[in-house]
Amino acid sequence: MVADFKPNSGSEASRPATNGRVPLANAGNAIEVDHIVKRYGDFTAVDDVSFNVKEEEIFGLLGPNGAGKSTLIRMMTTLIPITAGSARVAGHDVSKDPDGVRRTIGVIPQALTSDLDLTVEENLNIYAKLYDVPAKKRKATIDELLELVDLTRWRGAQTKTLSGGMRRRLEIARGLVHSPRIFFLDEPTTGLDPVSRVAVWEMLTNIKSHRQLTILITTHYMDEADRLCDRIAIVDHGKLVALNTPPALKASVPGSNVIEAQFENAPADWEKSLHELNGVTSVQHEGAGMYRVLTGDGSRTTTELVETAVHAGVTVKSLSVQNTSLDDVFVHYTGRQLRDELVKAHSFVMPPRPGMQP
Ligand SMILES: Nc1ncnc2c1ncn2[C@@H]1O[C@H](COP(=O)(O)OP(=O)(O)OP(=O)(O)O)[C@@H](O)[C@H]1O
Ligand SMILES: [Mg+2]
């Protein structure tokens with residue numbers, strides 16, 4: 001079941017059109033992806049995906065390793081040809097007018113690509129020249145961006161001396177030197193420690209409040225998608241399996257609480273017993289006596305669960321009750337847990353960091 005695929009379906013994430021700027025074509029859609037397909041030989045990496053991204057929206061593509069997120073971004077940003085279907089970015093067809101697309105977008109690829117031997121400022125300057133930012137405007141733009149990503153103090157530091165999080169922030173500044181209207185970020189926080197991840201989120205939110213920008217971001221972090229994105233598309237095995245605002249996605253999962261419990265001495269039909277408790281909408285056995293129970297009535301189900309366990313001589317080793325999260329949304333639409341899918345090593349490793357002298 002798919003939540004919200006209609007173009008311009010009035011979700012709560014709708015925003016007014018551009019303030020003062022010339023609106024993009026296509027009824028306020030910054031990006032329109034229409035039945036797009038990417039095949040590598042017999043393998044279909046992206047399988048008939050359609051969605052629209054509204055102007056000034058933060059749109060998340062969420063999915064496990066190999067889901068097809070980067071492939072989708074590469075097609076939308078004209079880096080690889082599409083096999084079938086079409087995509088329009090800022091009103092330009094990616095196949096027919098790739099230069100038109102390139103002029104309006106900023107792209108932060110999954111791998112870190114800044115030149116390590118150059119300073120922070122030199123990296124930004126090179127890009128500003130590459131994108132023909134007028135010489136008179138260059139310094140002011142770079143100053144503003146360094147402030148925005150909180151790297152002003154490090155402008156003269158060699159890039160190789162920066163931490164992973166700071167390098168990511170530099171790359172984000174670099175992607176904005178030519179004032180793009182649509183910004184593509186492929187897993188900007190993968191490989192970062194939790195503190196640096198939060199710093200990147202805050203910075204993206206900050207950028208969003210200072211600029212009129214549409215952001216398409218890919219991630220496999222549920223908390224990140226939940227916190228940052230106006231709408232989220234869940235991608236799995238190349239297919240779009242759900243698309244909506246985070247609250248609407250959570251509301252689309254039957255049950256409002258999730259109980260995670262671990263039992264000892266549970267009988268073979270324990271899953272069935274859990275299913276029969278009041279309020280329960282689904283039960284998932286996760287192995288090692290661990291069960292994940294979705295319920296519309298957390299407190300009642302928990303009380304009954306403990307009573308039933310005591311009655312059956314089953315020991316409750318641990319128990320937690322939470323509100324449904326995007327994790328549950330992912331399980332609901334794909335039948336699997338996202339965290340189980342993230343076993344593959346991440347695609348970049350932070351380089352050694354000799355020192356942090358500015
Ligand atoms: N050039 C290629 N040739 C063949 N297969 C490819 C190629 N590029 C990607 N694939 C395959 O397409 C699928 C989607 O890959 P993609 O990189 O888009 O996934 P992803 O969602 O970005 O994953 P990750 O989270 O690991 O970055 C994967 O199975 C990948 O192995
Ligand atoms: Mg990827």
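**Exercise 1.** Why is strand 7 (residues 182–186) largely enclosed by the rest of the structure?

*Solution.* The model is a predicted one.

Step 1. A residue is taken as buried if 20 or more other C-beta atoms lie within 10 Å of its own.

Step 2. By this cut-off, 5 of the 5 residues of strand 7 are buried, so the strand is largely enclosed by the rest of the structure.

Step 3. Check the two faces. Ile 182, Phe 184 and Asp 186 are buried on one side, and Phe 183 and Leu 185 are buried on the other. Both faces of strand 7 are thus covered.

**Exercise 2.** Find the strands that pair with strand 7, and follow the chain to strand 8.

*Solution.*

Step 1. Strand 6 (residues 105–108) pairs with strand 7 in the parallel sense, over 4 bridges. Ile 105 has Ile 182 as its bridge partner in strand 7.

Step 2. Strand 8 (residues 214–219) also runs parallel to strand 7, joined to it by 5 bridges. Here the bridge partner of Ile 182 is Thr 214.

Step 3. From strand 7 the chain passes through helix 6 (residues 194–210) to reach strand 8, and this β-α-β crossover is right-handed.

**Exercise 3.** Describe the open sheet with the order 12-13-11-14.

*Solution.*

Step 1. This sheet has 4 strands, with antiparallel pairing. Its edge strands are strand 12 (280–287) and strand 14 (315–323), each of which pairs on one side only.

Step 2. On average, neighbouring strands of the sheet are turned by 20 degrees against each other, direction ignored.

Step 3. Take one pair. Strand 12 and strand 13 (residues 290–295) are antiparallel and are joined by 6 bridges; Ser 282 stands opposite Leu 294 in strand 13.

Step 4. Add the helix. Helix 10 (residues 298–312) lies across strands 11, 12, 13 and 14, at about 10 degrees to strand 11.

**Exercise 4.** Which elements give two or more residues to the shell around ligand 1, and how are they placed?

*Solution.*

Step 1. The shell has 14 residues, and the closest are Tyr 40, Ala 45, Asn 65, Ser 70 and Thr 71. Strand 2 (43–54) and helix 1 (69–76) are the elements that give two or more.

Step 2. Helix 1 provides the largest share, 3 residues. By type, the shell holds 4 nonpolar, 9 polar and 1 charged.

Step 3. Strand 2 belongs to an open sheet of 4 strands in the order 2-1-4-5, with antiparallel pairing. Strand 2 is an edge strand there, as is strand 5 (92–93).

Step 4. Strand 2 pairs with strand 1 (residues 29–40) over 8 bridges, and Val 33 stands opposite Phe 51 in strand 2.

Step 5. Helix 1 lies across strand 1, strand 2 and strand 4 (84–89), running at about 115 degrees to strand 1.

Notes
Residues numbered from 1 in each chain as written. Chains lettered and ligands numbered in written order. Predicted model: local features only at pLDDT ≥ 70, side-chain atom pairs only at ≥ 80, totals over all residues. Near = placed C-beta within 6 Å. Nonpolar A, V, L, I, M, F, W, Y, C, P; charged D, E, K, R; others polar. Pairing = 2+ DSSP bridges. Axes fitted to C-alpha atoms, helices over the stretch in contact; angles between N-to-C directions. Contact = placed C-beta atoms within 7 Å. Buried ≥ 20, exposed ≤ 12 C-beta atoms within 10 Å, placed from the backbone. Right-handed = clockwise from strand over helix to strand, strands pointing away.
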